[in-house]
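This report examines a single protein model together with its bound ligand. The sequence and the structure are shown first.

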Amino acid sequence: MTDRYAVIGNPIEQSKSPLIHTAFAQVTGQDIAYTKVLGPLGGFATAVDAFRADGGKGMNVTAPFKLDAFAYATDLAPSAQMAGAVNAMKFEGDRVYAENFDGVGLVRDVVHNLACPIAGKRVLVLGAGVATRGALLPMLAQSSAELVIVHRTVAKAEELAALGRQHQSGQVLVQGLGYDQLQGRQFDVVFNATSASLTAELPPLTASVFAKDALAYELAYGKGLTPFLKLAQQAGVTRLADGVGMLAEQAAEAFLWWRGVRPETQGVIRQLTVPLV
Ligand code: NDP
């Protein structure tokens with residue numbers, strides 16, 4: 001019997017998840033069907049109920065439903081609790097198990113695929129939204145020297161930094177700052193976890209934050225050279241990456257969780273990569 005999975009979002013046409021999971025199923029020999037569900041705005045629970053009633057085994061969740069999925073779940077993993085949002089669900093009887101694999105996917109892409117260890121590095125994260133929240137614990141687990149979260153509303157950055165300090169077991173210096181407080185600071189890894197690139201905008205960042213040999217990582221994917229990556233390039237940064245690897249890695253984590261086997265990701269990363277030009 002073919003097991004059914006889907007991604008739910010609105011809009012959903014753009015989602016690469018069916019392509020990714022279908023490729024994973026092929027390479028691992030798993031018998032699954034993976035489709036897209038257009039969730040009506042305000043109708044998330046009804047759409048998921050219908051998918052479950054039809055025998056669906058699990059779902060990925062994308063915008064704007066990650067918070068609805070958080071409310072819908074019966075069993076939240078620590079990753080989902082920390083992020084305050086859910087990007088993968090598994091259905092077993094009346095239980096809805098929920099995870100957030102975005103953060104672990106991001107870290108795995110950087111450390112494993114890009115071979116850029118975070119341990120001992122100075123790390124800057126732009127933005128304090130859902131993606132940053134989800135990345136907080138997996139990043140702290142890497143024992144960077146410092147982790148600075150910067151946001152256009154300082155209080156939001158400080159709030160997330162306090163959460164990080166509260167949950168970390170290591171010695172990472174965690175700070176929440178405003179963009180104007182970055183004067184004179186330099187970082188080895190800079191993540192753009194704002195949604196600015198989706199509208200071709202640039203966060204109010206100065207090019208001086210990039211250390212020599214820094215990695216500039218844009219979480220958005222498929223956008224080519226975004227204003228953030230362009231700024232990094234103009235500052236002399238040669239290590240540029242976008243979120244295509246993060247996308248593939250979070251999908252691989254969900255696949256492992258659902259099916260008990262971790263697919264290799266290089267094939268889909270190659271297929272989905274848009275050149276950074
Ligand atoms: P959220 O909407 O939760 O957060 C967006 C953040 O960006 C907020 O902190 C917001 O600030 C800030 N922001 C938006 N525009 C600007 C701007 N012009 N200047 C400065 N800050 C700005 O989004 P997510 O956290 O879910 O997503 C963030 C990014 O990560 C997106 O690009 C998304 O595509 C990407 N992403 C990639 C994934 C992948 O698999 N590669 C997975 C998940 C996300 P404010 O609060 O003030 O509005």
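The sections below treat the ligand site, the sheet and the backbone details in turn.

## Basis of the report

The structure is a predicted model, and the descriptions that follow should be read as computed from that model.

## The ligand and its pocket

The ligand occupies the largest pocket. Around the ligand there are 25 residues, of which Val 130, Ala 131, His 151, Arg 152 and Lys 156 come nearest. Sorted by class, this shell comprises 14 nonpolar residues, six polar residues and five charged residues. Two helices, α6 (130–140) and α9 (244–259), each contribute at least two residues to the shell. Val 130 and Ala 131, listed among the nearest residues, fall within the range of α6 (130–140).

## Polar contacts and coverage

Arg 152, one of the residues that come nearest to the ligand, places a polar side-chain atom 2.8 Å from a ligand oxygen atom. Backbone atoms also take part in polar contacts. A polar backbone atom of Thr 194 is 3.4 Å from an oxygen atom of the ligand. For Leu 247, a polar backbone atom is likewise 3.4 Å from an oxygen atom of the ligand. On its own, the ligand has 930 Å² of accessible area, and the protein covers 78% of that area.

Leu 247 lies within the range of helix α9 (244–259), which supplies at least two residues of the shell.

## The six-stranded sheet

Six strands form an open sheet with mixed pairing, in the order β2-β1-β3-β5-β6-β4. Its edges are β2 (32–38) and β4 (75–76), each of which pairs on one side only.

Within this sheet, β5 (residues 88–92) and β6 (residues 95–99) run antiparallel and are joined by five bridges. In this pair, Ala 88 is positioned opposite Glu 99 of β6. In general, the strands of a sheet pair through backbone hydrogen bonds, in either a parallel or an antiparallel arrangement.

## Backbone details in the loops

Two cis peptide bonds that precede proline are described here. One runs from Asn 10 to Pro 11, with omega near 5°; Pro 11 belongs to the loop between β1 (3–9) and α1 (17–28). Another runs from Ala 63 to Pro 64, also with omega near 5°; Pro 64 belongs to the loop that lies between β3 (58–61) and α3 (66–72).

A further detail concerns Ala 200, a residue other than glycine with a positive phi, near 55°. Ala 200 is located in the loop between β10 (187–192) and β11 (210–218).

How values were computed
Residues are numbered from 1 along each chain as its sequence is written. This is a predicted model: local features need pLDDT of at least 70, side-chain atom pairs count only at pLDDT 80 or more; totals for chains, interfaces and linings use all residues. Side-chain values use heavy atoms; hydrogens and water are left out. A residue is near a molecule or strand if one of its heavy atoms lies within 4 Å of it. A polar contact is a pair of N or O atoms within 3.5 Å; within protein, one must be able to donate a hydrogen and the other to accept it, and residues adjacent in sequence count only if both atoms are side-chain atoms. Accessible areas come from the Shrake-Rupley method with a 1.4 Å probe; for residues, only the protein chains shown count as cover. On a 1 Å grid over the protein atoms alone, a cavity is a set of points where a 1.4 Å probe fits but cannot get out, and a pocket is an open set with protein on both sides within 12 Å along at least five of seven lines; lining residues have an atom within 4 Å of a point. A molecule sits in a cavity or pocket if more than half of its atoms lie within 2 Å of its grid points. Helices (H or I, at least four residues) and strands (E, at least two) are DSSP runs, numbered from the N terminus. Ala, Val, Leu, Ile, Met, Phe, Trp, Tyr, Cys and Pro count as nonpolar, Asp, Glu, Lys and Arg as charged, and the others, Gly among them, as polar. Two strands pair if DSSP finds at least two bridges between them.
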